[in-house]
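Q: Please take a close look at the open sheet of this protein. How is the sheet put together, and what lies against it?

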Amino acid sequence: MYRILKIILGVLGSLLLVIGFVVVVFLLEMKPDKEEEEKIKLQAEQYLEDRFDDNFEIYDAFYDNMGNFNFEYAAMARDKGSSTQFFIYYDEGTNQLVDTYIADKWEDDLEDEIRPFVKEYFGETTNMLVFIGDKNIGQELDINPLEPRSYKEFNVTPTIRITVPRKRNDRDEKMLDEFISFLKSDSKLQHGSVIMGYVAENGAILNDEWSKKF
C-alpha cells in the first residue's frame with residue numbers, strides 16, 4: 001500500500017513539474033523582448049524619416065503574443081494632425097518594412113463620415129467599427145502617404161460592424177438595407193459588408209450576429 005502511494009505521489013509530482021514548466025514557458029512567450037521592441041522602433045524611425053514628414057511620430061512598440069497579426073513586433077506610429085494610428089512592421093513576404101497608414105486612415109475617414117448617421121439611426125449607444133482587410137493597400141496601390149487621396153477613388157471593400165445594446169428585432173433587416181442605401185448614396189461606398197451584432201444590457205455578447213454584402 002505504501003509503495004502504491006509513493007508511485008501515485010511520484011506521478012503527481014512529475015505532473016505538477018510539467019504543468020509548472022508549461023506555465024513558465026507560456027508566461028515567457030507572452031512577455032515581449034525589449035531588444036526586439038527597440039529594434040523595430042529604431043527601424044521605424046528611419047522608415048518614417050524616409051517616407052513621411054515631421055507630422056508623424058513613433059510613440060510605442062506592439063508585441064503580438066496571440067498571433068492575431070502577420071507580424072510579431074511592430075512600431076506604433078501616428079499622424080499628429082489627424083491622430084490616425086498605424087503599424088510599421090517587417091513583412092517577411094517582401095523582406096522589407098511596410099506600414100498600414102493608408103488603410104487605417106481610410107478606416108478613420110469612413111467612420112467619421114458615417115458616424116452621425118449611425119448614431120442618429122441606430123441610437124447613441126451604438127458601437128461601430130470600420131475595418132479594411134488589406135492593411136497593405138497603400139503600398140499595393142503605390143499611394144504617397146503624404147498625399148493619401150480618398151478611399152472613394154478606389155475599389156475599397158471595407159467591413160462595417162454595427163453593435164447595438166439590445167436583442168435582434170423584426171425591423172433590423174430593413175434598417176440594415178436603409179443603411180446600405182445610405183452608404184451607396186453620393187458615392188460614399190459602392191461595395192463592402194455590414195455586420196449587425198447585439199449585446200445584452202450587462203455587456204454580454206449575444207450569439208445572434210448576421211451580415212450583408214453589397
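A: In this predicted model, residues 24 or more positions apart account for 58% of the contacts with a separation of 6 or more. The protein has five helices and eight strands, arranged along the sequence as α-α-β-β-β-β-α-β-α-β-α-β-β. Of its 214 residues, 36% are buried.

The open sheet consists of four strands in the order 1-2-3-4, with antiparallel pairing. Strand 1 and strand 4 (96–99) stand at the edges with a single partner strand each, so one side of each has no neighbour in the sheet. From one strand to the next, the twist averages 30°. As a general point, strands of a sheet pair through backbone hydrogen bonds, either parallel or antiparallel.

Strand 2 (residues 73–79) is mostly covered, with six of its seven residues buried. Seven bridges link strand 2 to strand 1 (residues 56–63) in the antiparallel sense. Two pairs illustrate this register: Phe-62 stands opposite Ala-74, and Phe-56 has Asp-79 as its bridge partner. Strand 2 is also joined to strand 3 (residues 85–91), again antiparallel, by five bridges. Here Ala-75 has Ile-88 of strand 3 as its bridge partner. The hairpin of strand 2 and strand 3 has five residues between the strands, and in this hairpin Ser-83 takes a positive phi near 70°.

Two helices lie across the sheet. Helix 2 (residues 34–51) lies across strands 1, 2, 3 and 4, running at about 155° to strand 1. Helix 3 likewise lies across strands 1, 2, 3 and 4, and its angle to strand 3 is about 155°.

Ile-88, already met as the bridge partner of Ala-75, is also part of the largest nonpolar core, which has 46 residues. Ile-88 is among the residues with the most contacts inside that core, a group that also includes Trp-106, Ile-114 and Phe-179. The largest share of the core, eight residues, comes from helix 3 (residues 101–122). Apart from this core lies another, of six residues, among them Met-76, Phe-87, Tyr-89 and Val-98. In general, nonpolar side chains tend to be buried together in soluble globular proteins, and in a regular strand the side chains alternate between the two faces of the sheet.

Leaving aside residues up to four places away in sequence, Ile-88 touches Ile-40, Ala-44, Tyr-47, Leu-48, Ile-58, Ala-74, Ala-75, Ala-77, Val-98 and Asp-99.

How values were computed
Residues are numbered from 1 along each chain as its sequence is written. This is a predicted model: local features need pLDDT of at least 70, side-chain atom pairs count only at pLDDT 80 or more; totals for chains, interfaces and linings use all residues. Side-chain values use heavy atoms; hydrogens and water are left out. A nonpolar core is a set of buried Ala, Val, Leu, Ile, Met, Phe, Trp, Tyr and Cys residues joined through side-chain atoms within 4.5 Å. Buried means under 20% relative accessible area, exposed over 50%, partly exposed in between (1.4 Å probe, protein chains only). Contact means heavy atoms within 4.5 Å. Two strands pair if DSSP finds at least two bridges between them. Axes are lines fitted to C-alpha atoms, for helices over the stretch in contact, and angles run from 0 to 180 degrees between N-to-C directions.
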